[in-house]
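Colleague: I am new to reading protein models, and I would like a close look at one part. Could you take me through the big sheet and what surrounds it?

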Amino acid sequence: MTAQDEVRFRPCLDDVAAYKPGRPPERTDGRPTYKLSSNENPYPPLPGVLAAATAAAENMNRYPDMGAVDLLEALSERFGVPVSDLAVGTGSVAVLYHLLQAACAAGDEVIYAWRSFEAYPIAVQLTGATSVRVPLTEDARHDFKAMEAAITDRTRVVLVCTPNNPTGPVVRRDELLAFLDAVPSNVLVVLDEAYREFVREPDTVDGAEIYRDRPNVVVLRTFSKAYGLAGFRVGYAIGHPPVVAAIRKCALPFGVSQVAQAAAIASIHAEQELLDRVEALCHERRRVVGELEAAGWDVPETHANFVWMPLGEDTVPFAEAVQAEGVSVRPFPGEGARVTIGEPEANDLFLAVARTWRQ
């Protein structure tokens, strides 16, 4: 078979790296294992949420509501925004894919901090656009002056992850507003707030408020983390109608299942109980960070449900040492490891290795 006979695909696929999910823990001695590699919520579903999902599953022979009308109305009431300012998808990452597909083409540029969410370069490359990665500051924060300097007439989108995944720091209100004032009005700024509910920093942004008088700002959020629906894949965007309309045009028909929609609506109604769980995780986060600092670790300030371990070349050996104790973490070779705040038992196993590592 000659090259002319082969099936052809878009050239931009040649260098696309596959997304790497967190590894499941491995152990063969029968002791418990814990997964701290995927930023999952360790709590089981609330009974009411599980009941709503189970009831919806009884109609699995029917297509879901493609418009997600009830879910959009519930979100509209929760955030005090019009339904026309909302779009849903199979997780906030899917909404991001739709948004970039709508906004970008070959020759365009998308700016984001790095390291940040590993799906960003994949999502950008699939559109044919070019990633412009701006290094984080020494304390693992967004460098907004450098990001501003990176904007050109080819820039179509800027991605801002707050809190930043995988390093943890949150974007402060004053620095974001100053940056937004400097961004051209025809450049879309995406505030990725997947971990918003875990933020305990008072001087931070709330995308649901920031977007209101800024037509080029769109906010991404998810039910996967704080609400514990990672397995159902429900995310949403809050933005102005032209942005939302573009997202909806690119969305997969019937993407969000009826079971997922029902669980998300029930989660909104049970929000206070779920946020009580988030508060407990934040309390555990403070304990973990305190233990790490007491052991001599210098970790970035985190306002997410994970902590970043700046290990450099020791990243893989550290991840293997934790794995040997039945706990999986997410290594980024040569840079560091992201460790989810999970059950206290899991956190204690991770901390035991971290203390030994510093001795």
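Modeller: Let us begin with the sheet itself, then turn to the helices, a lysine and the cores. Please keep in mind that this is a predicted model.

The sheet is an open one made of seven strands, and their order is β2-β8-β7-β6-β5-β3-β4. Its pairing is mixed. In general, strands of a sheet pair through backbone hydrogen bonds, and they may do so either parallel or antiparallel. At the edges you will find β2 (86-89) and β4 (130-135), each of which pairs on one side only. If you ignore direction, neighbouring strands here are turned by 20° against each other on average.

Try following one pair by eye. Strand β5 (residues 155-161) and strand β6 (residues 188-192) run parallel, and five bridges join them. A handy place to look is Val157, whose bridge partner in β6 is Leu188.

Now add the helices. Helix α3 (residues 92-103) packs on this sheet, where it touches β2, β3 (109-114), β5, β6, β7 and β8. The direction of α3 makes about 155° with that of β7. Helix α4 (residues 119-127) lies across β3, β4, β5 and β6, and runs at about 170° to β3.

Helix α3 also has a helix partner. Two packed helices are described by the angle between their axes and the distance between the axes. For α3 and helix α8 (residues 241-250), the axes come within 8 Å and cross at roughly 105°. Angles of 65 to 115 degrees count as roughly perpendicular, and α3 and α8 are therefore roughly perpendicular to each other. On the α3 side, the contact is made by Val95, His98, Leu99, Gln101 and Ala102, while α8 brings Val243, Ala246, Ile247 and Cys250.

Helix α8 holds a proline too, Pro242. With a relative accessible area of 65%, Pro242 is exposed, because exposed means over 50%. Pro242 and Pro215 are 27 residues apart in sequence, and their C-alpha atoms are 8.7 Å apart in space.

Next, look between two strands of the sheet. The loop between β7 (217-222) and β8 (235-238) is where Lys225 sits. An unreviewed UniProt entry annotates Lys225 as "modified residue: N6-(pyridoxal phosphate)lysine". Is this lysine buried or exposed? Lys225 has 16% relative accessibility, so Lys225 counts as buried; the cut-off for buried is under 20%. Leaving aside residues up to four places away in sequence, Lys225 touches Ser38, Asn39, Asn41, Ala194, Tyr195 and Phe198.

Finally, there are the nonpolar cores. The largest has 62 residues, and those with the most contacts inside it are Leu71, Leu75, Val160, Phe223 and Ile238. Helix α9 (residues 258-269) gives this core its largest share, eight residues. Leu71 is a good one to click on: not counting residues up to four places away in sequence, Leu71 touches Val88, Phe223, Val234, Gln261, Ala264, Ile265 and Ile268. Another core lies apart from the largest one. That second core has 26 residues, among them Val95, Cys104, Val218 and Ala237. You have met Val95 already, as one of the α3 residues in the contact with α8.

How values were computed
Residues numbered from 1 in each chain as written. Predicted model: local features only at pLDDT ≥ 70, side-chain atom pairs only at ≥ 80, totals over all residues. Heavy atoms only, no water. UniProt positions renumbered as here; feature names shortened; annotations may be inferred. Helix = DSSP H or I, 4+ residues; strand = E, 2+ residues; numbered from the N terminus. Buried < 20%, exposed > 50% of the residue type's maximum accessible area, 1.4 Å probe, protein only. Contact = heavy atoms within 4.5 Å. Core = buried A, V, L, I, M, F, W, Y, C linked by side-chain atoms within 4.5 Å. Pairing = 2+ DSSP bridges. Axes fitted to C-alpha atoms, helices over the stretch in contact; angles between N-to-C directions. Parallel < 35°, antiparallel > 145°, perpendicular 65-115°, else oblique.
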